[in-house]
Structures are given as C-alpha cells and as structure tokens.
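Got your viewer open? Follow along and select each stop as it comes up.

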Amino acid sequence: MKNIKLERTQSLLKELIPMALANLNDTRLNSLNVIEVKCSKGKYSAQVFLESSFLTKKEQTEILNQLKKARSLIKEYCLEETGWFRCPDFQFFFDDSLEKENRLDQIFHTIALEKEKRKNDVN
C-alpha cells in the first residue's frame, strides 16, 4: 500500500521547489524543471530530479554546485509556504531518462524507415 502522506508531500515539493528556484538570483536555476521528487520514508531527505535536456555536463555540474549553496534558501522557502516544522534535506540530480527515451524513439523511427525502404525495394 502506498503511503498517501508521503505521496502528498512529494507532490507538494514538486510544486514548491520550482517556485523557490524562481525566487533565486541565478538565472540558470530560475528555469530548472523538476521532474520528480522522492522523499525517504521519514521525510528526512528528498531526492529532487531535474530535467537535463539542453544542458552540457559542465553546465549540469555548475548548476548542482549552485543548488548545494542554495539548499538552505530552498528549504526556508518550503517551510514558509507549508508551515511545516521541518523540511527534508534536498539532494539534486539531473534525470536523463527523457533524453534516453528520445534517443530510443529516434532509433525506432530509423528502423521503421529502413523497413519501409526495404519493403518498397522488394516491390
């Protein structure tokens, strides 16, 4: 059975974190897209997954360093908005599953085109 409170917390954080990022004075952080938030059972920590498309590995590293520095401001924002007694510690990661999915889609499209071409060559 899924923990409804945990899922509600994760959903709320998924909404609040982008708003907290938008309030920061760093344009690289303002527009980051939060894909998913996974909290630990006790809600002591939360893994925040960000969209990585359009960012180089170097940019991702720089952004993660900035996010480490801004972590306390993000927590403070979430506490103010929710009225919680405490907020999970955030760990930020870039999620490249969307990028992998797009590459797979391209591969399948190429295969389909080649099949169609072979079919037409036979006829």
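Start by selecting Leu104, which is partly exposed with a relative accessible area of 45%. On the scale used here, buried means under 20% relative accessible area, exposed means over 50%, and partly exposed is what falls in between (1.4 Å probe, protein chains only). Leu104 sits in helix H4, residues 97–122. Helices (H or I, at least four residues) and strands (E, at least two) are DSSP runs, numbered from the N terminus.

A quick note on what you're looking at: this is a predicted model, where local features need pLDDT of at least 70 and side-chain atom pairs count only at pLDDT 80 or more, while totals for chains, interfaces and linings use all residues. Residues are numbered from 1 along each chain as its sequence is written, and side-chain values use heavy atoms, with hydrogens and water left out.

Now add Ile107, Phe108 and Ile111 to your selection: with Leu104 they make a nonpolar surface patch of about 390 Å². Patch members have over 30% relative accessible area and no salt bridge; nonpolar side chains (Val, Leu, Ile, Met, Phe, Trp, Tyr) are joined within 5 Å, like charges within 9 Å. The areas come from the Shrake-Rupley method with a 1.4 Å probe, and for residues only the protein chains shown count as cover.

Stay on helix H4 and pick Arg118 and Glu114, which form a salt bridge with the closest N and O atoms 4.0 Å apart. The term covers a side-chain nitrogen of Lys or Arg within 4 Å of a carboxyl oxygen of Asp or Glu. The two residues are four apart in H4, about one turn of the helix. Arg118 counts as exposed at 56% relative accessibility, and Glu114 as partly exposed at 42%.

How many salt bridges does a search of the whole structure find? Five.

For another, select Arg28 and Glu62, whose closest N and O atoms are 3.3 Å apart. Arg28 lies in helix H2 (residues 27–30) and Glu62 in helix H3 (residues 57–82), so this pair ties together parts that are 34 residues apart in sequence. Both are partly exposed, Arg28 at 37% and Glu62 at 32%. Add Asp26 and Lys58 and you have a network of salt bridges linking these four residues.

Last stop: Asp89 and Lys75, a salt bridge at 2.7 Å, N to O. Asp89 lies in strand E3 (residues 89–95) and Lys75 in helix H3, so the pair ties together parts that are 14 residues apart in sequence. Asp89 is partly exposed, at 41% relative accessibility.
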